[in-house]
Each structure stands twice: as structure tokens, then as C-alpha cells.
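Here are a few exercises to work through with the model open beside you. Try each one before reading its solution.

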Amino acid sequence: IGSYAFDGCTMLTLIELPSTITSIDEYAFRYCYALNLKSLPSNLINIRNYAFSTCTSLALTELPSSVTLIGSHAFNGCTSLTLTELTPGITAIYDSAFYSCSNITLSSLPSGVTNIYSNAFYKCEKIASFRFPSSITSIGSGAFQNCSGLTSITFEGTPTTISSTAFKGCTNLTTINVPWAEGAVANAPWGATNATINYNYTE
């Protein structure tokens with residue numbers, strides 16, 4: 001599906017996408033407020049920047065296992081999205097990919113994800129607890145900002161950098177479990193002002 005193919009088609013509700021499609025390109029369905037796809041093509045690999053941005057009726061519960069790229073702002077503002085997990089081939093969560101996706105309930109990321117960029121999960125209010133795989137090296141500014149339902153997070157490895165605002169506004173985040181010694185990663189508690197950090201944590 002090419003760039004801008006259905007951009008701004010505000011009355012579009014359903015469309016049949018053949019399984020042969022491998023890419024949904026930039027802005028393809030942006031502002032398709034009424035679009036309510038039940039599934040995506042089974043061979044889909046790329047969901048590029050802004051592909052479904054502001055598709056407020058998009059209520060997907062899962063993504064095809066073939067997906068390896070979710071671009072910046074890909075699902076920005078998709079408030080009906082109810083994903084519970086992401087596909088194993090994904091290695092990065094780009095800027096604002098799930099910005100204000102208030103109904104996703106992810107609890108972890110695939111084991112190959114290395115970077116979570118700025119505002120990736122901003123205001124994802126139904127994320128309650130979260131586990132970061134050992135592959136994570138960097139968490140950007142506002143990555144989980146204003147995730148008001150977030151209560152606890154656990155790291156399996158030691159990231160190189162975590163932004164000082166990564167968990168800003170997460171007022172209910174009270175427990176952070178980390179396997180490293182105090183001071184090993186700068187800026188703790190990364191904006192989570194009500195959190196207690198358990199250093200050298202083991203299960």
C-alpha cells in the first residue's frame with residue numbers, strides 16, 4: 001500500500017487487504033478515523049511512519065508474526081488498539097509509535113528489541129507492569145511518560161542509557177527492579193518520582 005494511498009479518507013470503514021501485501025507505507029491510512037480492520041495481511045513486514053496515525057477506530061488485537069518494522073508514529077493516537085504483545089522480529093520501538101494508545105496492555109517486549117525511542121509508549125494508560133528484556137540498550141525521553149496505570153517495571157539486563165524523563169508522570173509507578181548496583185545507570189529513577197528502586201534485584 002503506497003504512501004498517502006488513503007490518507008484523510010475519514011469515512012472509510014473497511015477495506016480488504018490481500019495476503020500478498022508486505023508493506024504499508026508512510027501515511028497510507030492516516031486520519032482514517034472510521035477504519036476498523038480486524039486483521040492485517042499475513043505476510044506483512046513493514047508498517048511505516050504514520051501508516052495508521054490517528055485511526056481511532058482501529059481495534060486490532062494482534063499483528064502478523066511476519067512484522068519486523070513499526071515506524072515512527074505508526075499507531076499514534078489509535079485509542080481502540082488492544083494489542084497484548086508485539087511480534088518477535090521487531091528490534092526497535094520508534095518515536096511515538098504507540099503514542100496515546102490508551103487500550104494496549106503490553107507487559108513485555110520481544111527479546112531482540114534494543115532501543116525504545118522518544119514517546120514510544122506515551123500515555124499508554126493500561127500498561128500495568130512491564131518487563132524489559134536483556135537486549136534493551138537505550139530508553140528515550142518520555143518513552144513511557146504519563147502511563148498512569150504503570151505500577152512496576154523489571155529489567156532483565158543493564159541498559160546503557162535511560163532518559164531522565166523516560167517514566168515522567170507515571171505517578172503510580174512504585175517499584176523498579178534492576179539487576180545492577182546503585183549508580184550504574186544515570187538519572188534514576190528516570191522521572192518516576194514515587195518509585196522505590198530495588199538494586200541488585202534477582203527473581
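**Exercise 1.** How many bridges join strand β2 to β3, and do they run parallel or antiparallel?

Before the solution, some ground rules. This is a predicted model, where local features need pLDDT of at least 70 and side-chain atom pairs count only at pLDDT 80 or more, while totals for chains, interfaces and linings use all residues. Residues are numbered from 1 along each chain as its sequence is written, and side-chain values use heavy atoms, with hydrogens and water left out.

*Solution.*
- Start with the terms: strands are DSSP runs of E, at least two residues, numbered from the N terminus, and two strands pair if DSSP finds at least two bridges between them.
- Strand β2 covers residues 46-47, and two bridges join it to β3 in the parallel sense.
- One of the partners to look up is Leu 69 in β3, which sits across from Asn 46.
- Now zoom out: the order β1-β2-β3 makes an open sheet of three strands with parallel pairing. Its edge strands are β1 (23-24) and β3 (69-70), each pairing on one side only.

**Exercise 2.** Find the residues that touch the most other members of the largest nonpolar core, then list the contacts of Phe 121.

*Solution.*
- A nonpolar core is a set of buried Ala, Val, Leu, Ile, Met, Phe, Trp, Tyr and Cys residues joined through side-chain atoms within 4.5 Å. Buried means under 20% relative accessible area, exposed means over 50%, and partly exposed is in between (1.4 Å probe, protein chains only).
- The largest core here has 63 residues, and Phe 52, Phe 75, Ile 93, Phe 98, Ile 116, Phe 121 and Phe 167 touch the most other members. The elements giving two or more residues to this core are β6 and β8.
- For Phe 121, skip neighbours within four places in sequence; its contacts (heavy atoms within 4.5 Å) then include Ile 93, Phe 98, Leu 109, Ala 143 and Cys 147.

**Exercise 3.** Classify the ring pair Phe 29 and Phe 52.

*Solution.*
- Rings of Phe, Tyr and Trp (its six-membered ring) pair if their centres lie within 6.5 Å; planes under 30 degrees apart count as stacked, over 60 as edge-to-face and the rest as tilted.
- The structure holds 21 aromatic pairs. In this one the centres are 5.3 Å apart and the planes of Phe 29 and Phe 52 are at 0°, so call it stacked.
- Phe 29 comes from the loop between β1 and β2, Phe 52 from the loop between β2 and β3, 23 residues apart. Both Phe 29 and Phe 52 are buried.

**Exercise 4.** Trace the salt bridges around Arg 131.

*Solution.*
- A salt bridge is a side-chain nitrogen of Lys or Arg within 4 Å of a carboxyl oxygen of Asp or Glu. The whole structure has four salt bridges.
- Place Arg 131 first: on strand β6 (residues 129-132), Arg 131 and Ser 129 make up the uncovered face, with Phe 130 and Phe 132 on the covered one. Arg 131 is partly exposed at 30% relative accessibility.
- One partner is Glu 156, at 3.5 Å, N to O. Glu 156 lies in the loop between β8 and β9 (161-162), 25 residues apart from Arg 131.
- Another is Glu 203, at 2.9 Å, N to O. Glu 203 lies in the segment after β11 (196-198) and Arg 131 in strand β6, so this pair ties together parts 72 residues apart in sequence. Glu 203 is exposed, with a relative accessible area of 69%.
- Put the pieces together: shared partners join Arg 131, Glu 156 and Glu 203 into one network.

Technical notes:
Helix = DSSP H or I, 4+ residues; strand = E, 2+ residues; numbered from the N terminus.
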